[in-house]
Amino acid sequence: MLLSLVLHMYSMRCVLPAAVLLGTAPTYVLAWGAWRLLSAFLPSHFYQAVDDRLYCVYQSMVLFFFENYTGVQILLYGDLPKNKENIIYLANHQSTVDWIIADILAIRQNALGHVRYVLKDGLKWLPLYGCYFSQHGGIYVKRSAKFNETEMRKKLRRYMNAETPMYLVIFPEGTRYNPELTKVISASQTFAAKEGLAVLKHVLTPRIKATHVAFDSLKNYLDAIYDVTVAFEGTIDDKGQRKEAPSMAEFLCKECPKIHIHIDRIDRKDVPEEQARMRRWLHERFEIKDKLLIEFYDSLDPERRNKFPGESVNSKLSLKKTLPSLLILSGLTAGMLMTEAGRKLYVKTWVYGTLIGCLWDVLSARRLPGRALTSSEALSLHTRGPQAAGRLSLEVNRYRPKTSFGSCFHHSGFNLGQELSWHELC
């Protein structure tokens, strides 16, 4: 019985990190919301600079758990500049941890606050986080024919014109590679063969839309593209076959001893601008990724397995960069929860923050006539309580009688368990 208890506790090692990361979210959103309101009458670059700093604080806490707490060894190959740059980050996608990998590299360049993501549209409905990612500079995109190129260009050019630091993360495969999902892999390979492209084994055929729009919109502002290839050690089974990469929960349970990260820095002038040529170029970059991963997973020489070719650097993240953020956010959250008023504010932030965030997304998606609601006005609804939010919901329904907040999750089409056919991916 004691052994069973020990094993159970061992498997629950992700609970503490998850509780802290989720538990401090309302504190962070309140801090950001207060700054958003205070900066409403200031030039936008003041807001952006402080927002980037706040984001850096929260993500540093995230990295405390994903690096310092887990003790994972980070092995870097290739060329990662020491100084921050305006870049597009292109990587293979196999796990939810891939989002953290971008942070792992960015913090080593002092660019953590500048990380912004191109995300699947359904993720905008995540409580608190969904709306904030968009406010921080993230871009939600829909699949296939629903991809809104005009909106993406508009947002990127607005950031470029404001000289917003850019560390834009894109996963061109459009969905995670899972060796157990043979139908998705087969559809990807069939598509590549039909288009006259090389068939890939350990990555999916990349899609060009988001990458081309991002590069075309930012080409005069970018310094480079980072071509990043990631492999998680411990993802080969007893038969020598590749298995699914660890999820965030599994990673926080310390089930991944090492992460191998290969970086190719490509100067912007070496990237073709025309879409057809860029499509071929992007596929060639994924061919290189595939060869690296074939070497990692399938090399006949045991000495060459579980590593990329070339020299690696063991990069250790100092606690000085992560622990202060953990102490600040957890301390503020604990202080809030110690008083009755603080606890009420905490709960209201979860409830009304999520409600207002979803309503904001509904308004943005529907493009209601008249003046658009600013994010500062949306945030002010939090202090005015559910009646104000209810009135806003009625305004939405006035213009869109068939759409209500209660059905917004249905309209998003977001399903955590959903697997997409290859032709549906963006």
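Here are some short exercises, with worked solutions, on the predicted model shown above.

**Exercise 1. Get an overview of the chain: how many helices and strands does the chain have, and what share of the residues counts as buried?**

Start with the secondary structure: there are 16 helices and eight strands. Next, turn to burial: 52% of the 426 residues count as buried. Then look at the contacts with a separation of 6 or more: 80% of these join residues 24 or more positions apart. Finish with the outside: the accessible surface is about 20900 Å², and carbon and sulfur atoms hold 57% of that area.

**Exercise 2. Look for disulfides, and work out why C14 and C253 do not form one.**

First, the count: the whole structure has zero disulfides. Now take C14, whose closest cysteine sulfur belongs to C253. A disulfide needs the two sulfur atoms within 2.5 Å. The sulfur atoms of C14 and C253 are 4.0 Å apart, so they are too far from each other for a bond. While you are looking at cysteines, check burial too: C14 counts as buried at 16% relative accessibility, and C256 is buried at 5%.

**Exercise 3. Describe the largest cavity: what is its volume, and which residues line it?**

Begin with the search, which finds three cavities of 30 Å³ or more. The largest has a volume of about 90 Å³. Its lining includes A25, Y28, Y55, Q59 and Y132. Now place the lining on the fold: α3 (25–38), α4 (44–69) and α6 each supply at least two residues. Last, sort the lining by class: nine residues are nonpolar, one is polar and none is charged.

**Exercise 4. Do the same for the second largest cavity: which elements give two or more residues to its lining?**

The volume here is about 40 Å³. Among the lining residues are K124, G130, C131, G353 and D361. The elements giving two or more residues are α6 and α13 (340–366), and α13 has the largest share, with five. By class, this lining has five nonpolar, four polar and two charged residues.

**Exercise 5. Zoom in on G130: is it buried or exposed, and which residues does it touch?**

Locate G130 first: it sits in helix α6 (residues 129–136). The cut-off for buried is under 20% relative accessible area. G130 has 0%, so it is buried. Leaving out residues up to four places away in sequence, G130 touches L123, K124 and Y140. Take Y140 as the last step: it lies ten residues from G130 in sequence, with a C-alpha to C-alpha distance of 9.6 Å. To link back to Exercise 4, G130 and K124 both line the second largest cavity.

Note on methods. Residues numbered from 1 in each chain as written. Predicted model: local features only at pLDDT ≥ 70, side-chain atom pairs only at ≥ 80, totals over all residues. Heavy atoms only, no water. Helix = DSSP H or I, 4+ residues; strand = E, 2+ residues; numbered from the N terminus. Buried < 20%, exposed > 50% of the residue type's maximum accessible area, 1.4 Å probe, protein only. Contact = heavy atoms within 4.5 Å. Areas by Shrake-Rupley, 256 points an atom, 1.4 Å probe, with all protein chains shown as cover. 1 Å grid on protein atoms, 1.4 Å probe; cavity = no way out; pocket = protein on both sides within 12 Å on 5 of 7 lines; lining within 4 Å. Points joined across faces, edges and corners; volume = space filled by probe spheres on them. Nonpolar A, V, L, I, M, F, W, Y, C, P; charged D, E, K, R; others polar.
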